[in-house]
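Got the viewer open? Here is a short tour, stop by stop, through some side-chain contacts.

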Amino acid sequence: MSNDSSDRIAVALRSWIREAPAGAQLPSSRTLVTEYAASPVTVQKALRRLVAEGLVESRPGVGSFVRAVRPSRGADFGWQTAALRAPRARLTGVAGPLQVAPPDALALHAGYPPAELLPERLVRAALGRAARSSAATDRPPSAGLQELRAWFAAELADATPAHLGAVTAADVVVAPGSQSALSSIFRALVAPGQPLLVESPTYWGAIQAAQQAGVVPVPVPTGPDGPNPEDLDRAFRETGARAFYAQANFANPTGVQWSVERADQLLEVVRQHGAFLVDDDWAHDFGIDSGPRPVAARDDAGHVVYLRSLTKSVSPAVRVAAVVARGPARDRILGDRAAESMYVSGLLQQAAVEVVSDPGWRSHLRRLRVQLRERRDLLVESVRAHAPGLELDVVPPGGLHLWARLPAGTDVPRLVRDCAARGVWVSGGDEWFPAEPSGPFLRLTFTGPEPARYPEAARVIGEVLAVG
């Protein structure tokens, strides 16, 4: 039976529970199977959900009963204000891209591809094999499984010119997703209270990770070709910073990819200042018109700390990323990771190895490129046809998003709310700026569900923009 069947039973039983006195016994499982024409497994799934919600208690061998509702008293937690003192970092609530849209909404705000763009068959098979292997019970090394570290190293080594020394598995540290890795990188490379240069706009999660690590994000403006080397040099000189966070490939949110020449220029600035470049290659697997060009492949002196994640391209359930660093920087990052979480689930690491080493992985990536191109082009055409007030400075050669400039003076939060009220969820651009926004922007994800409805979504955005 489908999840919808258990949902239907749970909804009906909640209604029954609202009218029943505390301690009332629910109909037996056999009765529910007959009444709802469902399987015993589906009925038990619905009952387990009600138990988890605290509405029902199960008594083995007796049955299921309505739980007594205990009165809720407003407790006084005022003492915690004095004990906690001021927060170390003032983090906002759940970011806009992580908020869950209603089931019937046109969701163009999220940052994760839907299931139809993931290698679902490979993932399910890999998790099954991993669960039957020693990875299900063994503790993995703190740096990560050797086989997985070797795969990450080999992938980067393949992009490294012959005259440069390639990375090895010993340079790789496996982390539970890129967000956790960013926190460790920032803590390892930048002292608390010290500046961290970041592109502006940039990934909102990197801004939060910097704030959580107690470092100060300092914006460096970026454009259609990436940051200007002169702006980066000036920022290093004026702030004394020793690290620069950037996304050279299909940046989130702008979609910009650095040219080889621009990457060399920016890397030279980093070298001159004896600094680090944190190269976040989050969209490595999402090339459309071009492939990824890791800046780390052009450096063998340890200036580039490379971050490569599989979470978005394999599955959000397989939170596995790799940090590639050389020298003492790698040791500090590994020490931070070990102190925070000791190690990454061996089960997930083994599943990741199984997926990326399967011949079907490359076939999946080839199909994915075609799918992303179709969705990107459809959303671009829809915006240009139905929301001409949005200006697209860049049609991204890869990634998952469009970055659209709004007319000057647009009330972005209001626009986002009004679009959501009409069933279209978008992300306001303010969250992607480490300081004041340089203007009003929207980020639109072209991997949202139901691409056939992209014209409808663009029409709603255009109408709301015209009214506001």
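Is Tyr245 buried or exposed? Select it and switch on the surface: Tyr245 is buried, at a relative accessible area of 0%. Keep in mind as you go that this is a predicted model.

**Stop 1: the ring partner of Tyr245**

Add Phe186 to the selection. The structure holds 8 aromatic pairs, and Phe186 with Tyr245 is an edge-to-face one, with 5.9 Å from centre to centre and 90 degrees between the planes. Now colour by secondary structure: Phe186 sits in helix H7 (residues 178-189) and Tyr245 in strand S8 (residues 243-246), so this pair ties together parts 59 residues apart in sequence. Phe186 is buried as well, with 1% relative accessibility.

**Stop 2: a ring cluster**

Next, pick Phe433 and Phe441. Their ring centres are 5.9 Å apart and the planes make an angle of 40 degrees, so this pair counts as tilted. Phe433 has a relative accessible area of 6% and is buried; Phe441, at 3%, is buried too. Then add Trp403 and Trp432, and you have a cluster of four names, Trp403, Trp432, Phe433 and Phe441, linked by ring pairs.

**Stop 3: charges over rings**

Jump to Phe65 and show Arg59, which lies over the face of that ring at 3.9 Å from its centre. For another case, go to Tyr112: Lys312 lies over its face, 4.3 Å from the ring centre.

**Stop 4: salt bridges**

How many salt bridges does a search of the whole structure find? It turns up 26, and a few are worth a click.

- Select Arg376 and Asp377: their side chains meet in a salt bridge, 3.0 Å from N to O. Arg376 is buried at 5% relative accessible area, while Asp377 is partly exposed at 29%.
- Move to Arg330 and Asp331, another salt bridge, where the closest N and O atoms are 4.0 Å apart. Arg330 counts as buried with 14% relative accessibility, whereas Asp331 is partly exposed at 48%.
- Try Glu450 with Arg453, bridged with the closest N and O atoms 3.1 Å apart. Here Glu450 is partly exposed, at 40% relative accessible area, and Arg453 is partly exposed at 23%.

**Last stop: a charged network**

Finish by selecting Arg187, Asp336, Arg337 and Glu340 together. Salt bridges link these residues into a network. Show the side chains as sticks and trace the links from one residue to the next.

Methods: Residues are numbered from 1 along each chain as its sequence is written. This is a predicted model: local features need pLDDT of at least 70, side-chain atom pairs count only at pLDDT 80 or more; totals for chains, interfaces and linings use all residues. Side-chain values use heavy atoms; hydrogens and water are left out. Buried means under 20% relative accessible area, exposed over 50%, partly exposed in between (1.4 Å probe, protein chains only). Rings of Phe, Tyr and Trp (its six-membered ring) pair if their centres lie within 6.5 Å; planes under 30 degrees apart count as stacked, over 60 as edge-to-face and the rest as tilted. Helices (H or I, at least four residues) and strands (E, at least two) are DSSP runs, numbered from the N terminus. A charge sits over a ring if NZ of Lys or CZ of Arg is within 6 Å of the ring centre and within 35 degrees of the ring normal.
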